[in-house]
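Welcome! Here are a few short exercises to help you find your way around a new structure. Try each task yourself, then follow the solution step by step.

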Amino acid sequence: MAVPKRRVSKARRDKRRSSVWKLDAPELVKCPKCGEYKRPHRLCPNCGYYNGRQVIDTEA
């Protein structure tokens, strides 16, 4: 059975845990139709267009 030979110090333990759980902000691209920023491969929440065609009607 695997047993630690020595106790892991608090500094070493905290260094290991420091940057693992940080999330990156999502990348944003400009909508070619209206110019607003949106997430890639998703329809634009401002104008409702995706891949050059209107998916939802946002004027309603």
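**Exercise 1: an asparagine in a loop**

With a relative accessibility of 70%, Asn51 counts as exposed, because exposed means over 50% relative accessible area, buried under 20% and partly exposed in between (1.4 Å probe, protein chains only).

Before going on, some ground rules. This is a predicted model, in which local features need pLDDT of at least 70 and side-chain atom pairs count only at pLDDT 80 or more, while totals for chains, interfaces and linings use all residues. Residues are numbered from 1 along each chain as its sequence is written, and side-chain values use heavy atoms, with hydrogens and water left out.

Task: Find where Asn51 is located and what sign its phi has.

Solution.
- Step 1: Asn51 belongs to the loop between E3 and E4; helices (H or I, at least four residues) and strands (E, at least two) are DSSP runs, numbered from the N terminus.
- Step 2: The phi of Asn51 is positive, about 55°, although the residue is not a glycine.
- Step 3: Most residues other than glycine have a negative phi.

**Exercise 2: a histidine with a positive phi**

Task: Describe the phi, the place and the accessibility of His41.

Solution.
- Step 1: His41 has a phi near 65°, a positive value in a residue other than glycine.
- Step 2: Look for His41 in the loop between E2 and strand E3 (49–50).
- Step 3: The relative accessibility of His41 is 69%, so His41 counts as exposed.

**Exercise 3: how confident is the prediction?**

Task: Report the average pLDDT of the protein, and name the elements with the lowest and highest mean.

Solution.
- Step 1: pLDDT is the predictor's confidence in each residue, from 0 to 100.
- Step 2: The protein averages 89, and 98% of the residues score at least 70.
- Step 3: Among the elements, strand E4 (residues 53–54) has the lowest mean, 90, and strand E2 (residues 37–38) the highest, 96.

**Exercise 4: a charged pair**

Task: Identify the partner of Arg13 in a salt bridge, and say how accessible both residues are.

Solution.
- Step 1: A salt bridge is a side-chain nitrogen of Lys or Arg within 4 Å of a carboxyl oxygen of Asp or Glu.
- Step 2: By this rule the count is 1 salt bridge.
- Step 3: Arg13 pairs with Asp14, and their closest N and O atoms are 3.1 Å apart.
- Step 4: Asp14 sits in helix H1 (residues 10–17).
- Step 5: Arg13 is partly exposed at 29% relative accessible area, and Asp14 is partly exposed at 39%.

**Exercise 5: a nonpolar surface patch**

Task: List the residues of the nonpolar patch on the surface, then look at Tyr50 and Val55.

Solution.
- Step 1: Patches are made of residues with over 30% relative accessible area and no salt bridge; like charges are joined within 9 Å, and nonpolar side chains (Val, Leu, Ile, Met, Phe, Trp, Tyr) within 5 Å.
- Step 2: Leu43, Tyr50, Val55 and Ile56 form the patch, with about 300 Å² of accessible area together; such areas come from the Shrake-Rupley method with a 1.4 Å probe, and for residues only the protein chains shown count as cover.
- Step 3: Tyr50 lies in strand E3 and is partly exposed, with a relative accessible area of 31%.
- Step 4: Val55 is in the segment after E4 and, at 41% relative accessibility, counts as partly exposed.
- Step 5: Val55 and Leu43 are 12 residues apart along the chain, and their C-alpha atoms are separated by 7.5 Å.
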